[in-house]
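Colleague: I would like to go through the labels on this model one by one. Please set each value against its cut-off.

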Amino acid sequence: MLRSWPILLLLACASAAPSPPSPWATPDERSLERDVSRLVNVHRIARHLHALAYDTAVASVARAHSAEMAKRHVSLGHDGFSARADQVERIVAFSEIAENVALNDYGRDRTVRVALDGWLKSPHHRENIEGAFDITGVGIARSPNGTYYYTQIFVARQQRP
């Protein structure tokens with residue numbers, strides 16, 4: 001089941017076809033991505049939910065979407081979500097998939113917390129964070145003007161009969 005929710009923040013951008021996933025990110029962006037995953041798991045554990053496993057291949061799909069938004073090749077949002085779901089399906093068979101996206105221009109020391117706080121204040125984003133998922137991947141890209149773009153993908157592995 002595909003599930004996509006409204007975005008946290010909106011920004012009008014030009015639209016174009018997304019490019020394939022790129023594993024490239026700066027060490028700083030990878031550190032921020034891991035911070036998002038860690039804080040999401042802290043939130044989940046505090047609510048007696050299991051932690052999500054971090055998958056670098058799923059993160060690569062998320063990162064590619066963030067990079068496309070940061071370059072203004074696609075609008076901030078969920079356009080192309082079905083294509084990202086297809087890419088994830090080639091990595092892991094799933095029964096459900098969802099994503100959260102956000103942007104902000106806070107400094108490195110606050111950007112992750114601001115993005116996560118925004119998601120947690122939004123019922124639909126929070127539903128993804130607290131959902132019955134097993135795996136996550138986070139992608140962050142920074143635009144030339146310093147804005148951080150976030151994509152977090154949530155995956156529920158398909159259960160074998």
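What follows is a run of questions and answers on how the labels were reached.

Modeller: One point before you start. This is a predicted model.

Colleague: Fine. What does the secondary structure of the protein chain come to?

Modeller: There are 5 helices and 5 strands. From the N terminus the order is β-α-β-α-α-β-α-α-β-β. Of the 161 residues in the protein chain, 50% are buried. Among contacts between residues at least 6 apart in sequence, 76% join residues at least 24 apart.

Colleague: Why are α2 and α3 called roughly antiparallel?

Modeller: Their axes cross at roughly 160°. Angles over 145 degrees count as roughly antiparallel. The angle is above that cut-off, and therefore α2 and α3 are roughly antiparallel to each other. The axes come within 9 Å, and the crossing is right-handed.

Colleague: Which residues make that contact?

Modeller: V58, V61 and H65 from α2, with R84, Q87 and V88 from α3. By class that gives 3 nonpolar, 2 polar and 1 charged residues.

Colleague: What makes α1 oblique to α4?

Modeller: Here the axes cross at roughly 40°. Under 35 degrees would be roughly parallel, and roughly perpendicular runs from 65 to 115. The value falls in neither range, nor is it over 145, so α1 is oblique to α4. The axes come within 10 Å. This crossing is right-handed.

Colleague: What classes of residue make the contact of α1 with α4?

Modeller: There are 8 nonpolar, 2 polar and 2 charged residues. The α1 side is L32, D35, V36, L39, V40 and H43. The α4 side is T111, V112, R113, L116, W119 and L120.

Colleague: Which residues of α4 are buried?

Modeller: T111, V112, A115, L116, G118, W119 and L120. Their cover includes α1, β3, α5 and β5.

Colleague: How do you know that W119 and Y150 are an edge-to-face pair?

Modeller: Two numbers describe such a pair: the distance of the centres and the angle of the planes. For W119 and Y150 the ring centres are 6.2 Å apart. The limit for a pair is 6.5 Å. The planes stand at 85°, and over 60 degrees counts as edge-to-face. Both conditions are met, so the pair is edge-to-face. W119 sits in helix α4 and Y150 in strand β5, 31 residues apart, so distant parts of the chain are linked. Both W119 and Y150 are buried.

Colleague: Why is the pair of F133 and F154 called tilted instead?

Modeller: The centres of F133 and F154 are 5.7 Å apart, with 40° between the planes. Stacked needs under 30 degrees and edge-to-face needs over 60. The angle of 40° lies between those cut-offs, and the pair is tilted. F133 lies in the loop between α5 and β4, F154 in strand β5, so the pair ties together parts 21 residues apart in sequence. F133 and F154 are both buried.

Colleague: How many aromatic pairs does a search of the whole structure find?

Modeller: It finds 2.

Colleague: Why does S66 count as buried?

Modeller: Its relative accessibility is 0%. Buried means under 20%, so S66 counts as buried. S66 is in helix α2. Leaving aside neighbours within four places in sequence, S66 is in contact with G139, I140, A141, Y149, Y150 and T151. S66 and T151 are 85 residues apart along the chain, yet their C-alpha atoms are separated by 5.8 Å.

Colleague: What makes H48 exposed, and R72 partly exposed?

Modeller: H48 has 76% relative accessibility. The cut-off for exposed is over 50%, so H48 counts as exposed. R72 has 40%, which lies between the 20% and 50% limits, so R72 counts as partly exposed. H48 is in the loop between α1 and β2. R72 is in the loop between α2 and α3.

Colleague: What is phi in H48 and in R72?

Modeller: Phi of H48 is near 60°, a positive value in a residue other than glycine. R72, not a glycine either, has a positive phi of about 65°.

Colleague: Last one. Why is E89 called partly exposed?

Modeller: E89 has a relative accessible area of 35%. That is neither under 20% nor over 50%, so E89 is partly exposed. E89 lies in helix α3. From E89 to V155 the C-alpha distance is 9.6 Å, across 66 residues in sequence.

Terms used. Residues are numbered from 1 along each chain as its sequence is written. This is a predicted model: local features need pLDDT of at least 70, side-chain atom pairs count only at pLDDT 80 or more; totals for chains, interfaces and linings use all residues. Side-chain values use heavy atoms; hydrogens and water are left out. Buried means under 20% relative accessible area, exposed over 50%, partly exposed in between (1.4 Å probe, protein chains only). Helices (H or I, at least four residues) and strands (E, at least two) are DSSP runs, numbered from the N terminus. Contact means heavy atoms within 4.5 Å. Axes are lines fitted to C-alpha atoms, for helices over the stretch in contact, and angles run from 0 to 180 degrees between N-to-C directions. A crossing is left-handed if the near helix is turned anticlockwise from the far one by less than a right angle, and right-handed if clockwise. Ala, Val, Leu, Ile, Met, Phe, Trp, Tyr, Cys and Pro count as nonpolar, Asp, Glu, Lys and Arg as charged, and the others, Gly among them, as polar. Rings of Phe, Tyr and Trp (its six-membered ring) pair if their centres lie within 6.5 Å; planes under 30 degrees apart count as stacked, over 60 as edge-to-face and the rest as tilted.
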